[in-house]
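Subject: A structure for you to look through

Hi there,

Here is the structure I promised to pass on to you. Please open it beside this email, so you can find each residue as you read.

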Amino acid sequence: MSRDGVVYNRHRKKIKVFLICVFVALFATCVRLVYVMIIQSDYYLERALDLHQRERKIKALRGYIYDRNGVVLASNKTVCTVSVIHSQIKDKEAVINMLVKELQITESTAKKRVEKVSAIEKVKSNVDKEIGDKIRSYNLDGVKVDEDYKRYYPFGTLASKVLGFTGADNQGIIGLEAKYDSYLSGDSGQILTLTDAWGQELDKSGEDRDEPIAGDSLYTSIDYNIQSYATQLAERTQLAKGAKAVSIIVMNPQNGEILAMVNTPEYDLNDPYGNELDMNILNAKWRNFCINDTYEPGSVFKMVTATAALETGVCSLNDHFSCGGSTMVGDRRIRCHKTTGHGSQSFTETVMNSCNPAFIEWGSRVGTENMYLYMGKLGLLKKTGIDVAGEASTIIHKKENVGPVELATMSFGQSFQITPIQMLRAAAAIVNGGNLVTPHFAVKAVSADNSVTDFTYEIGENAISKQTSDTMRDILRQVVEEGGGNKAYIEGFSIGGKTATSQKLPRGSGKYISSFIGFSPVDNPQVIAMCLIDEPQGVYYGGTIAAPVIKELYQNILPYLYSSNE
Amino acid sequence: MAKKKKKPKLKYFDYTLLFVTIFIIGFGLIMIYSTSSYTAQLEEGDAAFYFRKQFIFTLIGFVAMYMCYKIDYHIWYKFAWPIFIFSIVLIFALIPFGSSANGATRWIRIGPVGIQPADVCKTAVIIMFATLISNNSVKLKKFKVAFVIFSLAIVQGVLIKVISDNLSSAIIVMAIGFLMIFVAVPNYSLFVALGSAGIVGVCGLYAWCSKIIKSGNLTSNFRLNRVLIWVDPESFSSGKGYQTVQALYAIGSGGLFGKGLGKSLQKLGYIPESQNDMIFSIICEELGLFGALCLLLVFAIMLRRIVHIAHNAPDLFGMMLAIGVFAHVAIQLVLNVAVVTNLIPNTGVSLPFISYGGSSAVILMAEMGIVFNISSKIKLEQ
């Protein structure tokens, strides 16, 4: 017999060696397993969770904006976001056709969205709820309709330039919406879900959920009735005078609460962009002239010059000035608007007549130093601190560059620029007893669980003496009763005020801003209002066209204000 | 009659091996259902799609195992050449009849059944080598003879590689032949030399790859890239390294005791076809280090029992057959776990008895039947 085919011990020994080698190899893999599954476990667990977990934001309900009486100025409405889930679509054609029909998008756009290989593809957001419901009723696989909130402004254009609007993510873009975004926006919640490799959420996996916290409601000082009446008035005036724009501000001179701020033309807050794409045009459309732009205040500023003159004691009510129709300053002749001259006038009469040569005299008596001092005291050299972003700064000569000619023109409100709100605040301080208020809209924020944040604003006391203020109120009353502001006079109400006709730069362009500031009642002013008419056609005297606007405003709102005060 | 009565008493049967085999196969079926049900539901509309197919193959496998157990293993001695030639014919049959999947032609489809010729080759090599070694055990001292025998495995390996582009199967076939010759050849020196050369080579390759990766000079060469991925899979995680990285995520997120059976997240499409070669990573994720080590322990018991049978086989042919089966299971097991844990570069090796695959399951179970038959021939001495 051959020795082949017989098992020898060497074979058995080798088998053992083989087995040991295999066990060593297996042991090596076990060591590797321990390393990966114990030592590197945290690392891989985290990476895997990163891969499996999807974070979905839950939007917080944005807080409402109310007027002073609880009228809702900004709210939310339900809208839908339509998305497609590529892996779930069964009938591609049907989905494309439905999207084209219901969402009014082009077929190529719909096709692109449907055919894109992604977990979930957003087709359109801010779709009306009715359309969303209709899409849902198609019951097509792979189409998802999510409900969402969108900002909604019940009154459309009302106070558009004050309220501002929100963007696609419900974030405030401009106006109060932007300024108080941190109160209004709330805290968004989130849902953490596990998904498969195609982005499908797993039903059975327990989701981690952080509930959103709704934003605070913002209560403003705006009075819906006054705001809407002022808007009508401004729109009517703009049309009647063929003006570029009309602004009306109504404020409480005692505490700076703004009851109305109108800038026509207003825009639709529910569609702030319209079809416009040019950002410059859009920014111009959204601008709040009263705050964002400066102008030469003109004769209204004579209140400040008169106040400075009385306060520093360089003038008294007994002073007289004789106007011959023009006056020489240095080598320049400056004319009065009444070229034949006003003749001899008392101090009060110079204000009533708004006589330029007289004010050049008063101004020169006050002097550059004190002129700047009182402009500063009346808040004209710095921003007012109003709670809307983008306030413009004063444009004025450096004090050391002011010569007699500059001082003379400044005395009647030219050769420097301020914002309308700055002028209104200065006027408020002059008539309210000398307190420099901070103009503002926001009064308080109330959270969902009713905790209240009151907003407080600085009031600078004794900017001017009470006595000067009393005197000025009386002078301004006479301006309305017998002087240049007589077109604002209303039988039975005590009103004070001052008119202005500002030339727009460059001078001689024939463009004007006509304005009027009026307050009531004279003894203890509760309301101060300003009207600015930008580039009126035809007659452009503030006393002729702006004063009647305030008169009409007061005719309607004074009875209303007095009745609500009682 | 008296003779007959005495015989069954002395007849040896390895119940441990039977139990362990059935346990692993049953466990494999459970894991196939667990790993494939989610994607099967999505893609085929039937959660049990893969499970059902594998279950049918397992039944066929049990029939094959029982038949091989009943047939005297010496019959394979006579059929060694025909089976070997048949396996080569099968490989060539891939050229006209093969169906492609993932760029490689590996399957011959007969109706609903797909056969991988590479699986048949593994058994053919085992039987062929057992026959030749038992015929030439004395002459095997000569290197030339050993090499001539080994060259048959090389021929098969080259054919598998060239025709079906299946490098891993080619390596396994050659490795089975090589290890059988290792057991048969009397000396060690050659193997020690080869082994140390191999270890040095692997270390050198790793160092070289690390250098390439650091230089950032990545090539488009497919094989080289595969090796580069091995060294630093996460740099390639969006491309060719995706599978490796995903497998590591699965293993690493298993922790000590796993997420629980059926609770893997990586099987939800993150690891494509997770019921195939990467099934071990899902086992790790669901059953944890504990479960994975238990499974490896059961495999170790199986291997130990096969070695025990080889050790006590009545003749060299039986011993070499059993060692061939041992080599087959051991190589695939070690390579699979090593690939899944990224110990070695990614190459498609299935986990024996567990990974999804019909012909592989039937072939392995038939081989186990042969081993059971060998065990029954062990003469017990009292």
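Below is what I found, going from the two chains to their contact and then to single residues.

Before anything else, please keep in mind that this is a predicted model.

**The two chains**

Let's begin with chain A. It has 566 residues, and 52% of them are buried. Along chain A you will find 18 helices and 19 strands. Its accessible surface is about 25200 Å², with 48% of that supplied by carbon and sulfur atoms.

Chain B has 382 residues, of which 56% are buried. Here the elements are 13 helices and 3 strands. Chain B has an accessible surface of about 16700 Å², and 69% of this belongs to carbon and sulfur atoms.

You may also like to know how each chain folds back on itself. Take the contacts in chain A with a separation of 6 or more: 71% of them are between residues 24 or more positions apart. For chain B, counted in that way, the figure is 71%.

**Where the chains meet**

How many residues does each chain bring to the contact? Chain A brings 43 residues and chain B brings 61 residues. The size of an interface is often given as the accessible area lost when the parts come together. Here chain A and chain B bury about 4600 Å² between them, and 73% of that is on carbon and sulfur atoms. On the chain A side, three residues stand out: Lys14(A), Phe18(A) and Met37(A) supply 16% of the area that chain A buries against chain B, more than any other three residues.

What holds across this contact in terms of charge and polarity? The count of salt bridges between chain A and chain B is 0. There are, however, 12 residue pairs in polar contact between chain A and chain B, counting pairs with both residues at pLDDT 80 or more. Two elements of chain A give two or more residues to the side that touches chain B: helix H1 (9-39) and helix H2 (41-52). Of these, H1(A) gives the most, with 23 residues. Sorted by type, the residues on the side of chain A that touches chain B are 26 nonpolar, 6 polar and 11 charged.

**Salt bridges**

Side chains of opposite charge can pair when their charged atoms come close. Over all chains, the count comes to 29 salt bridges. Three of them are worth finding in your viewer.

Start with Arg62(A) and Asp181(A), whose closest N and O atoms are 2.7 Å apart. This salt bridge links distant parts of the chain, 119 residues apart: Arg62(A) sits in the loop between strand S1 (53-58) and strand S2 (65-66) of chain A, and Asp181(A) in helix H8 (residues 181-184) of chain A. Are these two residues buried or exposed? Both Arg62(A) and Asp181(A) are buried. They also belong to a network of salt bridges that links Arg62(A), Arg151(A), Glu177(A) and Asp181(A).

Next, look at Arg287(A) and Asp293(A), whose side chains meet in a salt bridge at 3.0 Å, N to O. Arg287(A) counts as partly exposed because its relative accessibility is 36%. Asp293(A), at 21% relative accessibility, also counts as partly exposed.

The third salt bridge joins the side chains of Asp534(A) and Lys504(A), at 2.8 Å, N to O. Asp534(A) lies in strand S19 (residues 527-534) of chain A and Lys504(A) in the loop between strand S17 (496-503) and strand S18 (512-520) of chain A, so this pair ties together parts 30 residues apart in sequence. With a relative accessibility of 9%, Asp534(A) counts as buried.

**Two single residues**

Gly142(A) is in the loop between helix H5 (129-137) and strand S5 (143-152) of chain A. Its relative accessible area is 5%, so Gly142(A) is buried. Beyond its neighbours within four places in sequence, Gly142(A) is in contact with Ser83(A), Val84(A), Ile85(A), Gln88(A) and Ile89(A).

Over in chain B, Leu205(B) lies in helix H8 (residues 189-215). Leu205(B) is partly exposed, with a relative accessible area of 32%. Leaving aside neighbours within four places in sequence, Leu205(B) is in contact with Val227(B) and Trp230(B).

Happy exploring, and write back with any questions!

Notes: Residues are numbered from 1 along each chain as its sequence is written. Chains are lettered from A and ligands numbered from 1 in the order in which they are written. This is a predicted model: local features need pLDDT of at least 70, side-chain atom pairs count only at pLDDT 80 or more; totals for chains, interfaces and linings use all residues. Side-chain values use heavy atoms; hydrogens and water are left out. Contact means heavy atoms within 4.5 Å. Buried area is the accessible area (1.4 Å probe) that two parts lose on being put together, summed over both. A salt bridge is a side-chain nitrogen of Lys or Arg within 4 Å of a carboxyl oxygen of Asp or Glu. A polar contact is a pair of N or O atoms within 3.5 Å; within protein, one must be able to donate a hydrogen and the other to accept it, and residues adjacent in sequence count only if both atoms are side-chain atoms. Helices (H or I, at least four residues) and strands (E, at least two) are DSSP runs, numbered from the N terminus. Ala, Val, Leu, Ile, Met, Phe, Trp, Tyr, Cys and Pro count as nonpolar, Asp, Glu, Lys and Arg as charged, and the others, Gly among them, as polar. Buried means under 20% relative accessible area, exposed over 50%, partly exposed in between (1.4 Å probe, protein chains only). Accessible areas come from the Shrake-Rupley method with a 1.4 Å probe; for residues, only the protein chains shown count as cover.
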